[in-house]
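Trainee: Could you take me closely through one strand of this model and its neighbours, and then through the surroundings of the ligand?

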Amino acid sequence: MFEYPDAAALEREFAKLRSLPPLVTSWEIERLRSELVGVEAGRRLLLQGGDCAETLDDCRSEPIAAKLKILLQMSLVLIHAGKKPVTRMGRFAGQYAKPRSSPTETRGGVTLPSYFGDLINRAEFSAAGRTPDPALLVEGYQHAGLTLNFIRALVDSGFADLHHPEYWDLSFFRHASLSAATRAEYERMVATLGDGIRFMEALGERSIQDLSSVEFFASHEGLNLYYESAQTRLVPRRRDYYCLTTHMPWIGERTRALDGAHVEFFRGIRNPVGVKLGPSSTAADAVGLSEALNPGNEPGKIVFITRLGAGKVRQVLPGLLEGVRAAGRKAAWVCDPMHANGMTTATGIKTRSFDAIKSELEAAYEVHEAVGVPFGGVHFELTGEDVTECVGGGAGVTEADLSTNYVSLCDPRLNYQQSLEMAFLLARKMGAGRVGN
Ligand code: PEP
Ligand code: CO
């Protein structure tokens, strides 16, 4: 992977990060765990989404607010369709470290370390830029803190108040490219939701308070164990260690080896932990991971995030679900229809097709239904902005359009419209959000 060449600098920055206050609290982590118990039981859905890689430069108000807005809108579509609460979780405030398939990159005969994300080195292809820099541990922490501060302030000041949908405006739906049918469907859904909110208000305070107190949890891939361990600590009056960089770290597909450092580290913390499961994973892998990371077999602790690919999901997912259930292991299951559906265009651009993403998502939902293990939610790479990184969807982004606004330094994300459409597709699959529903 990556190595810090300057051990003294690493020690200094690590010590600094260790002395800084945590980004999240154990109370929030406990609340998330209890919500995940509901996800596991099929009483709640998890909506997890955000950039493939956040950058320090993009720690700006517009992209952050746009991300909250799209997650909030998608969550409303899912609440309406699923008739159950949704836990919203961003891939944000720390999604700065990226696993790479190759530790080095060669350009024009020059070989340098790959770009591992802004927490580790810089995207710029120069020896200085690509050298892992431990000062970025603290800079990443600071930017994660700024991001979280803004999110908390927006949420607290009513940005996400469900009584005021005009705050998170829906002007996208006036987009000329949107079909009249989809627009009508959304408008009907908003009207039904409005009725639902008023109805619940009429029923009594408690339910509406639950519904309108919107919360966002943070998550990121816990790739850089220096970063995670510097902020992992015992909390007064609690018995366990908490990783306080985020609410839910996850272990990536490339670092989930049972005897690897990441499983060893994350087995020691109280936070819920996500684990990506790719197409080569077996039920024995999943059971082994569950035993290692959750020896007490507690509910609300493990979230398996399957990313199997549109062509493999029907073949691989049933065995994973059945094997874990047969072993009596507790876990929530979430579908990531992004990471095994990558492709490269003839001109060398990394993209994903909306249809493949849709196909994996729908197939995963059907497999969960058929096997009888609750479909716990979705994990998307998305942005609230009008990027052109994935092809397809209602606005018909073509391969030729990709260069119009391709921003991601890493994997291609669903744009605003594609994300909302994806929420509708899932809504339809869940049997609601239909015309007349
Ligand atoms: C990611 O979520 O950005 C990622 C790299 O995923 P995976 O580990 O599933 O490949
Ligand atoms: Co990615």
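**Strand E10 and its surroundings**

Mentor: Both faces of E10 are covered, since Ile302, Phe304 and Thr306 on one side and Val303 and Ile305 on the other are all buried (buried means under 20% relative accessible area with a 1.4 Å probe, protein chains only; strands, E, of at least two residues and helices, H or I, of at least four are DSSP runs numbered from the N terminus). This is a predicted model, in which local features need pLDDT of at least 70 and side-chain atom pairs count only at pLDDT 80 or more, while totals for chains, interfaces and linings use all residues. Residues are numbered from 1 along each chain as its sequence is written, chains are lettered from A and ligands numbered from 1 in the order in which they are written, and side-chain values use heavy atoms, with hydrogens and water left out. Five of the five residues of E10 (residues 302-306) are buried, so the strand is largely enclosed by the rest of the structure.

E10 pairs in the parallel sense with strand E9 (residues 273-277) over five bridges (pairing requires at least two DSSP bridges between two strands), and within E10 Val303 is the bridge partner of Gly274. E10 also pairs in the parallel sense with strand E11 (residues 332-335), over four bridges, where Cys335 is the bridge partner of Thr306.

Turning to the ligand, the residues around ligand 1 include Lys276, Arg307 and His339 (a residue counts if one of its heavy atoms lies within 4 Å). A polar side-chain atom of Lys98 lies 2.7 Å from an oxygen atom of ligand 1, and a polar backbone atom of Glu253 is 2.8 Å from an oxygen atom of ligand 1 (polar contacts are pairs of N or O atoms within 3.5 Å).

Technical notes. Buried < 20%, exposed > 50% of the residue type's maximum accessible area, 1.4 Å probe, protein only. Polar contact = N/O pair within 3.5 Å; in protein donor to acceptor, adjacent residues only side chain to side chain.
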